[in-house]
Amino acid sequence: MSKGLRPGLYAITDSVLTPPETLIESVEAALRGGAVMVQYREKSAPMAERISQAVSLQALCRNAGVPLLINDDPDLAKRVGAAGVHMGQTDGSVAAARRLLGDEAIIGITCHADLALAQAALGAGADYLAFGRFYTSSTKPGAPAAPPGVLTDAKRFGLPITAIGGVTTDNGEPLIRAGADMLAVVGGLFGGDTHDIEMRAKAFDRLFASHHPLFSLPE
């Protein structure tokens with residue numbers, strides 16, 4: 001996998017499940033449990049608050065050796081020195097994000113269940129492709145459903161593949177078997193106390209250890 005991307009749990013924050021007062025300790029718990037990448041997703045907070053939270057998360061992730069990506073905001077990613085950005089289909093162009101963030105930045109693109117969108121993202125220079133939702137999702141209830149087979153078909157593009165949407169430790173195995181390199185998880189990870197978050201993250205690690213050929217548990 002390119003640019004230091006590793007197979008495993010991709011932790012995504014949420015303004016309800018990881019509110020400001022618990023954001024850092026929740027992400028710390030996910031990192032202790034083995035999360036291989038973190039995405040900061042916050043669309044409604046004032047910009048000053050978003051900057052402050054992103055700066056704190058970037059310091060945390062840098063110390064852990066794990067990339068922090070910013071959801072839908074290349075300018076904020078640039079401002080805080082994040083590793084990259086995740087972009088939806090209506091969040092601007094990969095080319096513009098690449099010009100702003102540089103060649104080493106990680107840029108991920110939402111492809112829903114559409115291989116044509118994945119092909120376009122590949123041509124535009126994306127670093128990973130995200131598909132979903134695969135299960136009922138409280139964070140994206142209106143997103144179109146995706147069949148696991150799209151993960152298998154997307155392997156042809158030669159980029160890391162991420163599965164998102166209602167993923168839990170109970171239903172993640174078929175997605176890894178179908179070809180997911182990363183499982184992007186919000187509700188199935190966060191919520192509850194930090195012990196719960198760490199234990200869930202470790203459970204995702206065990207799924208990857210059992211079913212992904214390139215995954216290895218940290219020593």
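**A tour of one helix pair and three salt bridges**

Select helix 1 and helix 8: their crossing is right-handed (the near helix is turned clockwise from the far one by less than a right angle; anticlockwise would be left-handed). Helix 1 covers residues 23-33 and helix 8 residues 194-211, and the two pack at an angle of about 30° with axes 7 Å apart. Axes here are lines fitted to C-alpha atoms, for helices over the stretch in contact, and angles run from 0 to 180 degrees between N-to-C directions. Helices (H or I, at least four residues) and strands (E, at least two) are DSSP runs, numbered from the N terminus.

This is a predicted model, in which local features need pLDDT of at least 70 and side-chain atom pairs count only at pLDDT 80 or more, while totals for chains, interfaces and linings use all residues. Residues are numbered from 1 along each chain as its sequence is written, and side-chain values use heavy atoms, with hydrogens and water left out.

Stay with the helix pair and show side chains. On helix 1, the contact (heavy atoms within 4.5 Å) is made by Glu-25, Ser-26, Ala-29, Ala-30, Arg-32 and Gly-33, and on helix 8 by Thr-194, Ile-197, Glu-198, Ala-201, Lys-202 and Asp-205. These residues divide into four nonpolar, three polar and five charged. Ala, Val, Leu, Ile, Met, Phe, Trp, Tyr, Cys and Pro count as nonpolar, Asp, Glu, Lys and Arg as charged, and the others, Gly among them, as polar.

Next come the salt bridges (a side-chain nitrogen of Lys or Arg within 4 Å of a carboxyl oxygen of Asp or Glu). The whole structure has eight.

Select Lys-43 and Asp-72, whose closest N and O atoms are 2.4 Å apart in a salt bridge. Lys-43 sits in the loop between strand 2 (37-40) and helix 2 (47-64), and Asp-72 in the loop between strand 3 (68-71) and helix 3 (74-80), 29 residues apart. Lys-43 is exposed, at 60% relative accessible area, and Asp-72 is partly exposed, at 21%. Buried means under 20% relative accessible area, exposed over 50%, and partly exposed in between (1.4 Å probe, protein chains only).

Move to Asp-127 and Arg-98, a salt bridge with closest N and O atoms 2.9 Å apart. Asp-127 lies in the loop between helix 5 (115-124) and strand 6 (128-132), and Arg-98 in helix 4 (residues 94-101). Both Asp-127 and Arg-98 are buried. Add Lys-3 to the selection: Lys-3, Arg-98 and Asp-127 are linked in a network of salt bridges.

Last, select Asp-181 and Lys-155, which form a salt bridge at 3.1 Å, N to O.
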